[in-house]
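Visitor: Could you take one part of this protein and walk me through it closely? I'd like the cysteines, with enough of the surroundings to place them.

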Amino acid sequence: MAVSEQEIQNIVRGVLRSMSGAAETVNPEPVHTTQPKQLMGIFENVEDAIAAAKKAQKEIQPMPLEFREKIIANIRKKTLENAKLFAELGVEETGMGNVGHKILKHQLVAEKTPGTEDLSTVAWSGDRGLTLIEQGPWGVIGAVTPSTNPTETVICNSIGMLAAGNAVVFAPHPAAKKVSNLAIDMVNRASVEVGGPENLATAVYEPSMEVSQVIFKHKDIQLLVATGGPGVVTTVLSSGKRALGAGAGNPPVLVDETANVQKAAEDIVNGCTFDNNLPCIAEKEVVAVDLIADELIYHMEQAGCYKASPEEVQKLIETVFIEKNGRKILNRKCVGRSAKVLLEKIGVTVGDEIRCIIFEGEKTNPLIWEELMMPILGIVRVKNVDEGIAIAVELEHGNRHSAHMHSTSVVNLTRYGKAIDTAIFVKNGPSYAALGFGGEGYPTFTIASRTGEGLTSAKTFTKIRRCVMCDALCIR
């Protein structure tokens with residue numbers, strides 16, 4: 001079932017109440033009181049960070065899966081205890097997102113990220129012996145994390161990578177370095193508290209492109225994982241190492257004439273506005289069949305949307321894009337801001353009930369064509385579902401990341417799914433259902449659409465190994 005905005009707010013309030021009631025159970029030295037130079041796993045020098053992670057990985061690899069799971073359980077516990085803190089600090093440091101929604105994302109990561117249960121063994125037994133296929137660690141992983149979901153990505157990656165027997169050297173986005181490093185500190189304290197090694201996750205105090213380049217090229221880094229924009233993903237894929245690329249998307253949502261239009265409107269607005277549209281899976285533009293377009297717009301306005309005039313759309317274009325080196329790029333001061341704040345920037349005052357800005361436009365409008373990561377939804381009106389599918393595929397730009405559709409026609413859903421060919425395809429629900437929030441399945445904040453692994457988990461961070469015993473261990 002879809003989760004309404006009211007239900008989201010109710011969940012947020014419940015999480016906050018449970019946190020306040022559990023205050024006395026929190027670690028007596030809360031993560032946020034730790035002085036910066038005392039952060040566990042954070043180093044001045046990247047070579048030291050890599051060496052420490054290498055040592056920790058040698059310690060964790062021979063330990064039984066049961067012990068890894070003990071560490072992971074403590075990471076989950078501490079994530080829940082510090083969810084509100086990480087959410088507040090993330091918004092404070094980056095200026096992006098919504099505290100209540102970030103609390104929910106941390107809760108989702110803590111409760112539903114797969115651990116060691118994600119690893120599996122395949123066996124063949126016969127006259128000539130026994131053969132096992134098992135999933136083993138790479139060793140030390142180098143992981144780039146974004147400013148949009150900084151601590152969520154660090155914690156989610158740490159759980160999966162540790163479950164697989166790896167250690168990880170993070171290269172956080174410089175705009176989120178403080179809160180990212182606090183999350184890394186928390187991961188290590190969770191390990192040490194239950195008898196595990198420190199430095200299972202490491203980083204440097206001052207991340208930079210130079211630091212990242214060392215990680216990308218270092219002989220002791222066996223696997224690279226990049227969660228971010230197209231630039232950093234292209235860089236890791238060009239490193240010569242095995243790499244997973246979780247890059248950009250511009251997810252379209254298609255609504256055809258068979259849809260439950262009111263529910264579609266509510267789901268689209270809820271998905272688009274979750275954490276102010278920062279998730280890469282979120283609805284970024286709407287393609288609506290003409291027969292239901294007016295009804296859809298009406299219900300979107302009822303769900304908390306402000307319909308911008310052509311003049312206001314032009315002002316938004318001039319505000320959310322800036323010129324740099326002769327080309328238009330996103331204004332970072334607008335990314336992840338609320339609809340109310342974005343409207344204030346163009347001189348429009350609205351109440352807190354306004355969650356999203358909508359307008360009708362051509363597919364070439366930059367607010368539609370470009371991935372904004374803001375609660376702005378352009379609506380492209382089309383004659384029929386055939387034209388809608390073609391335009392949605394064009395707007396997705398071949399990223400093969402995420403797409404959404406509202407329809408009760410299995411035929412239309414199937415045709416669109418085949419044409420769009422994305423790692424994620426949500427049908428008749430808000431985009432965040434793809435991450436197990438209001439939908440089934442596990443979450444991740446590293447969606448390797450570009451390299452084909454899709455939603456990553458512990459098994460993604462393993463190497464496949466075949467172990468063969470000849471002429472023995474078959475007892476049938």
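Guide: Let's start with charge: this is a predicted model, and the mean positions of its 49 positive and 56 negative charges sit 6 Å apart. As for the surface, the accessible area comes to about 19,700 Å², and carbon and sulfur atoms account for 53% of that.

Now the frame around the cysteines. The protein has 16 helices and 20 strands. Its radius of gyration is 23 Å, close to the 23 Å from the globule rule for 476 residues, so the protein is as compact as a globular protein of that length. If you want a box for the C-alpha atoms, roughly 70 × 60 × 50 Å along the principal axes will do. Buried residues make up 58% of the 476. Take the contacts between residues at least 6 apart in sequence, and 74% of them join residues at least 24 apart.

On to the part you asked about. How many disulfides does a search of the whole structure find? Zero. Two cysteines show why, given that a disulfide needs the sulfur atoms within 2.5 Å. For C356, the closest cysteine sulfur is in C272, at 3.9 Å, and that is too far for a bond. For C334, the closest cysteine sulfur is also in C272, but here the distance is 15 Å, again too far for a bond. Both side chains are tucked away: C356 is buried at 0% relative accessible area, and C334 is buried at 0% as well.

Another buried spot worth a look is H406, with a relative accessible area of 3%. H406 belongs to strand β16, which covers residues 402-406. Leaving out residues up to four places away in sequence, H406 touches V253, L254, V255, D256, A259, A264, D267, I268, N428 and G429.

For contrast, go out to N325, which counts as exposed at 75% relative accessibility. N325 is in the loop between β12 (321-324) and β13 (327-330). Its backbone is worth checking too: most residues other than glycine have a negative phi. N325, though not a glycine, has a positive phi of about 55 degrees. D471 is another such case, with a positive phi of about 55 degrees and no glycine there either. You'll find D471 in the segment after β20 (462-470).

Terms used
Residues numbered from 1 in each chain as written. Predicted model: local features only at pLDDT ≥ 70, side-chain atom pairs only at ≥ 80, totals over all residues. Heavy atoms only, no water. Helix = DSSP H or I, 4+ residues; strand = E, 2+ residues; numbered from the N terminus. Buried < 20%, exposed > 50% of the residue type's maximum accessible area, 1.4 Å probe, protein only. Contact = heavy atoms within 4.5 Å. Rg over C-alpha atoms; globule rule 2.2 N^0.38 Å. Areas by Shrake-Rupley, 256 points an atom, 1.4 Å probe, with all protein chains shown as cover. Lys, Arg positive; Asp, Glu negative; His and termini not counted. Charge placed at Lys NZ, Arg CZ, Asp CG, Glu CD.
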